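Here is a short report on packing, strand pairing and ring contacts. Please keep the structure in view while reading.

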Amino acid sequence: MHTTPLAPIDMDAVFPQLRAFARTTIRLHPRKGSPSVEQSSVGGSLLWPANEPWPTCDGEVLDDHPAEAGVPLVPVLQLLADDVPELPFPEGSDVLQVLWCPFDHDPWSAPLPRLRWRRRSTIGPRLAAMPTPHEDAEAWYVPDACVVDPERVVEYPSYDLPHEVWSQIQEAARRVEADHGWEYDTDLAVASGIKVGGYPGWTQSPDWPVCMCGVRMEHLLTIATWEFSRGDERRWVPLEDRPAIIGWGFDSPDDHPWRSLQNPAGLMLGDAGGVYIFVCTSCPERPHDHRFDCS
């Protein structure tokens, strides 16, 4: 059980201009564990048909140097409709799987994700063991196996907030920070960590992909390096994890228990950035795209 603290204010009353922008995101709260193939997971084994070839990298170029063609993709995320029914599953599917190549790819020098939508009841015999990651794979692109604990949280846009709306709320935001110490961008807006839906936590200018059909894609997933960016965050550290902060500092040893809570999957995407995955829900086959973002 993981509980994100509520804001110390009534958001609707203090920021009525934000009501139309409120979205529910699902924080997955990954924690190291041993998930089975029948569970939602980060970095765990996947429900994979035994007779379906495992996907590999196509050898796209990075900085004019060929990537490793034929490298097996690594499991990043598996979500079951039982746990996250809010996902826009294509008709007849109830499993989402995300894999990526554990090498840098253009145009962002980041892993290249691929999606699979499945129906559990039609998978048949399952693959007994996932392929071993390539020996030269970037270790920080191969997530450790984690169980998940989905939690629904309401969030609001940061960089996606229209300038004219920000100008209307900035005085109220200053009052909240003065009275409570909570900053709009870091504590009240976009939730951190690996999550489903809601808003991307842009650190650069927003860059929403547009589908070939002409419709702007929707944010499906954020695969983030850190579950929380600092040990002193007022909002996004779950209440149950706060005792682990005791004694932690930026110079604390790597084996301090806080480290495994801040980065349970062992990822490092650029400078502690994230990969945002988008889908077009107007197209029944759910075409997808991605963006990489870090400070």
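The text below covers the cores, then the strands, then the aromatic rings.

**Nonpolar cores**

This is a predicted model. Its largest nonpolar core holds 33 residues. Leu28, Leu77, Leu96, Trp100, Leu220 and Leu221 touch the most other members. Five strands each supply at least two residues of this core: S6 (74–80), S7 (95–105), S8 (110–118), S12 (218–224) and S13 (274–279). S6 gives the most, with four residues. Domain 1 (11–29 + 150–293) and domain 2 (31–147) both contribute residues, so the core lies between them.

Leu220 shows the packing in detail. Leaving aside residues up to four places away in sequence, Leu220 touches Leu87, Pro88, Leu96, Leu115, Trp117, Lys195, Val196, Gly197, Ile277, Phe278 and Val279. Apart from the largest core lies another, of 18 residues. Its members include Met11, Leu161, Leu188 and Val190.

**Strand pairing**

Six strands form an open, antiparallel sheet in the order S2-S9-S3-S6-S7-S8. S2 (31–32) and S8 stand at the edges with a single partner strand each, so one side of each is left without a neighbour in the sheet. Strand S1 pairs with S10 and also with S11. Three antiparallel pairings are set out here.

| Strand pair | Bridges | Example of bridge partners |
|---|---|---|
| S3 (41–42) and S6 | two | Val42 and Leu77 |
| S1 (23–27) and S10 (151–155) | five | Thr25 and Val153 |
| S1 and S11 (195–196) | two | Ile26 and Val196 |

Leu77 thus appears twice: as the bridge partner of Val42, and among the core residues that touch the most other members.

**Aromatic rings and charges**

The structure holds nine aromatic pairs. How are the rings of Trp208 and Phe278 arranged, and what is the angle of their planes? Their centres are 5.3 Å apart and their planes stand at 65°, over the 60 degrees required, so the pair is edge-to-face. Trp208 lies in the loop between S11 and S12, and Phe278 in strand S13, so the pair ties together parts 70 residues apart in sequence. Both Trp208 and Phe278 are buried. Ring pairs link these two residues with Trp202 and Tyr276 into a cluster.

Trp208 also has a charge over its ring. The charged end of Arg216 sits there, 4.0 Å from the ring centre. Trp48 has such a partner too: the charged end of Arg118 sits over its ring, 4.2 Å from the centre.

Terms used. Residues numbered from 1 in each chain as written. Predicted model: local features only at pLDDT ≥ 70, side-chain atom pairs only at ≥ 80, totals over all residues. Heavy atoms only, no water. Core = buried A, V, L, I, M, F, W, Y, C linked by side-chain atoms within 4.5 Å. Buried < 20%, exposed > 50% of the residue type's maximum accessible area, 1.4 Å probe, protein only. Domains from an automatic or database assignment. Contact = heavy atoms within 4.5 Å. Pairing = 2+ DSSP bridges. Phe/Tyr/Trp six-rings, centres within 6.5 Å; stacked < 30°, edge-to-face > 60°. Lys NZ or Arg CZ within 6 Å of the ring centre and 35° of its normal.
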